[in-house]
Amino acid sequence: MKEIVILSGKGGTGKTSLTASFAALSQQAVLADCDVDAADLHLVLNPEIQQKHTFYSGNEASIRSDECSSCNMCKEYCRFDAVIYDKENDSYSIDQTACEGCGVCVYFCPDNCIDFPERECGEWYRSDTRFGPMVHAHLGIAAENSGKLVSLVRSEARKVATEQGAQLLLVDGPPGIGCPVIASITGADHLVLVTEPTQSGMHDIERVLRLARHFGLPTSLCVNKWDINPNMTEQIEALGEELGAYLLGRIDYDKLVTQAQVAGKSVVEMGESQIGYQIRAIWEKVLQITCK
């Protein structure tokens, strides 16, 4: 099995649209949406959820007010200002959004009246799509440990691929270069980077290119909407070659992408088109590089 991760340095470059088209062209891949902070691959693929699981990570404190002697030690030791004192009722409580789950209040509480259960951070799913099985997730509001959830999604997707004897695992990765991205690319067979010809697009894709080179991962690059700034496109491609990326090609700016999103389809499902031909050509190159 080969694992291909599609990445971008920033949001809005067309990463998810490209992943959906790759899924349509493959027809035999297992899919994973690792952009758990803002997952949107499901908007195009319309998955039917088969299994739903709660994701727990870290802990959160909770004070049993009826047992609290109001010693104030929890508030004194908390460095995140997560302990709230209600002067009118002389009671203490925990602001769950501010709580970092460090456990200091639990350790120092002389009354042992602070519970410290696991924190419910979101959900992850195993689903079916018209192009194959998909593992995806939803991280809760203000929840942390997205990197851990990404690792879980990839692990479960690999299990599905192994169970079904799939030859390809397609991963829609998160933007940027942080912990979720690193969790998405560790051990991958190939990275496909997609960017746009803007100054911010060039700046952010350079960071991803350097990250990929740091981990020694085979990497290729394509420029989406290249025709809105041909000069910047050439600069990005030169940078990609300099940092060891294989150039896959260019994709035109085309309103068909928006039409496909509105219709809940991938671009290549919208009939014959120039942009569809370009994406097919890029996918064929990706397969040649990855599976050779």
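**Notes on the pockets and cavities**

1. Let me start with the second largest pocket of this predicted model. Its lining is made up of five nonpolar, eight polar and five charged residues. The volume of this second largest pocket comes to about 280 Å³. Gln96, Arg119, Ala142, Ala143 and Glu144 are the closest to its centre, out of 18 residues in the lining. If you want to find the second largest pocket by its secondary structure, look to strand E3 (48-59) and strand E8 (118-129), the elements that each give two or more residues to the lining.

2. The largest pocket is a good next stop. It holds about 410 Å³, and 24 residues line it. Nearest the centre of the largest pocket you will find Gly12, Gly14, Lys15, Ser17 and Gln261. Three helices each contribute at least two lining residues here: H1, H2 (41-45) and H9 (256-263). By residue class, the lining of the largest pocket splits into ten polar, eight charged and six nonpolar.

3. Turning to enclosed space, the search of the whole structure returns three cavities of 30 Å³ or more. The largest cavity contains about 100 Å³ of space. Of its 14 lining residues, Cys78, Ala82, Cys99, Cys102 and Cys105 are the closest to the centre. You may enjoy looking at the cysteines here: Cys78, Cys99, Cys102 and Cys105 are all among those closest residues. The lining of the largest cavity has eleven nonpolar residues, two polar and one charged.

4. The second largest cavity has a volume of about 70 Å³. Its lining consists of Gly14, Ser17, Leu18, Ser21, Val194, Asn224, Ile251, Val257, Val267, Ile275 and Ile279. Seven of these lining residues are nonpolar and four are polar, with no charged residue in the set. So which helices each supply at least two residues of the lining of the second largest cavity? They are H1 (15-26) and H10 (274-291), with H1 giving the largest share, three residues.

5. One last thing to check on your screen is where two of these spaces share residues. Gly14 and Ser17 line the second largest cavity, and both also appear among the residues nearest the centre of the largest pocket. Helix H1 likewise supplies at least two residues to the lining of the largest pocket and at least two to that of the second largest cavity. The linings differ in charge, though: eight charged residues in the largest pocket, and none in the second largest cavity.

How values were computed
Residues numbered from 1 in each chain as written. Predicted model: local features only at pLDDT ≥ 70, side-chain atom pairs only at ≥ 80, totals over all residues. Heavy atoms only, no water. 1 Å grid on protein atoms, 1.4 Å probe; cavity = no way out; pocket = protein on both sides within 12 Å on 5 of 7 lines; lining within 4 Å. Points joined across faces, edges and corners; volume = space filled by probe spheres on them. Nonpolar A, V, L, I, M, F, W, Y, C, P; charged D, E, K, R; others polar. Helix = DSSP H or I, 4+ residues; strand = E, 2+ residues; numbered from the N terminus.
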